[in-house]
Amino acid sequence: MIILLSPSKSLDYSETKIKDSTLPLFQEEALEIVNVLQKKSNSALKKLMKVSDKIAKENNQRYKDFSPKYTEDNSKQAILAFKGDVYTGMNNDTMSKADLKFAQKHVRILSGLYGILKPLDLMQPYRLEMGTKLPIKKTKNLYVYWDTKLTDHINEEKPKLIVNLASKEYYRSIKEDQLDAKVLNINFKEFHNGELKFLSFNAKKARGMLTRYIIDNRIKTINKIKGFDTDRYYLDTDNSTEMNLQFVRKFIPV
């Protein structure tokens, strides 16, 4: 089983006690993308990435500092470096070595720059969303650039089940019709103003909480995923199918 996650924009490069690490699979591709980004000015990056002057300047410097060599000084394990809502929900700082070992085998993080990251892959700080319309060589954007590479790599790992907890933007980089494994899609909703709704912030956290639930319980089957009950979530059996599960957060009246 493989769990697919999106990366996050928020990063934390403070020191970690975890020393175990691996290197990204698509290092050459990442360097090729960085080489293109290094030639862009602050204003060009601002327009390309649709960000503020401050963020454009910060990432311009990141790309200039990017190195082909990964060290303790310039990189950190991906699962510990990402600090967005998914990773807050995962509470990744509290994982044991055994937890990280399980995650390393079963979790894959889709990335605009790195393609696919394993949890312990060393990652240099960056910001590059998969949907960015960045031409690389003769390709018009990152989806075309990555083409079938990510799908092919997942197939090479030969999972029987893929649990899709990535956003639509990132999952689009996977050619689902070319996957050899079954795909389990999962949705999270909750009651808001009397209606059952999808709330992005809480749904992102829920993706992280479900990932952590799978890691903590060493889950490898759909049936056991259905038992997810963290933070008042429960399986909505009326709106779930075999390969599409919906979890609803139980409403507690104030």
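The second largest pocket is a good place to start: 15 residues line this pocket, and Thr16, Glu72, Ser75, Lys76 and Gln77 are the ones nearest its centre. Keep in mind that the model you are looking at is predicted. From this pocket, the tour moves on to the largest pocket, then to a pair of helices, and ends with the chain as a whole.

**The second largest pocket**
- Its volume comes to about 270 Å³.
- By class, the lining of the second largest pocket holds 3 nonpolar, 7 polar and 5 charged residues.
- To find this pocket in the structure, look for Thr16 together with Glu72, Ser75, Lys76 and Gln77, which lie nearest its centre.

**The largest pocket**
- The largest pocket has a volume of about 450 Å³.
- Its lining is made of 23 residues, and those closest to the centre are Ser6, Pro7, Ser8, Lys9 and Lys204.
- Three helices each give at least two residues to the lining of the largest pocket: helix 5 (85-90), helix 9 (168-171) and helix 10.
- Sorted by class, the lining of the largest pocket has 10 nonpolar, 6 polar and 7 charged residues.

**Where helix 6 meets helix 10**
- Helix 10, one of the helices that help line the largest pocket, spans residues 200-216, and its axis comes within 9 Å of the axis of helix 6, residues 97-106.
- The two axes cross at roughly 110 degrees, and angles of 65 to 115 degrees count as roughly perpendicular, so helix 6 and helix 10 are roughly perpendicular to each other.
- On the helix 6 side, the contact is made by Asp99, Phe102 and Ala103, while helix 10 brings in Arg212, Ile214, Ile215 and Asp216.
- This contact of helix 6 with helix 10 includes 4 nonpolar and 3 charged residues, but no polar ones.

**The chain as a whole**
- Stepping back, the protein chain contains 11 helices and 10 strands.
- With a radius of gyration of 18 Å, close to the 18 Å that the globule rule gives for 254 residues, the protein chain is therefore as compact as a globular protein of that length.
- Taken along the principal axes, the C-alpha atoms of the chain fill a box of roughly 50 × 40 × 40 Å.

How values were computed
Residues are numbered from 1 along each chain as its sequence is written. This is a predicted model: local features need pLDDT of at least 70, side-chain atom pairs count only at pLDDT 80 or more; totals for chains, interfaces and linings use all residues. Side-chain values use heavy atoms; hydrogens and water are left out. Axes are lines fitted to C-alpha atoms, for helices over the stretch in contact, and angles run from 0 to 180 degrees between N-to-C directions. Helices (H or I, at least four residues) and strands (E, at least two) are DSSP runs, numbered from the N terminus. Angles under 35 degrees count as roughly parallel, over 145 as roughly antiparallel, 65 to 115 as roughly perpendicular and the rest as oblique. Contact means heavy atoms within 4.5 Å. Ala, Val, Leu, Ile, Met, Phe, Trp, Tyr, Cys and Pro count as nonpolar, Asp, Glu, Lys and Arg as charged, and the others, Gly among them, as polar. On a 1 Å grid over the protein atoms alone, a cavity is a set of points where a 1.4 Å probe fits but cannot get out, and a pocket is an open set with protein on both sides within 12 Å along at least five of seven lines; lining residues have an atom within 4 Å of a point. Grid points are joined across faces, edges and corners, and a volume is the space filled by probe spheres set on the points. The radius of gyration is taken over C-alpha atoms; the globule rule is 2.2 Å times the number of residues to the power 0.38.
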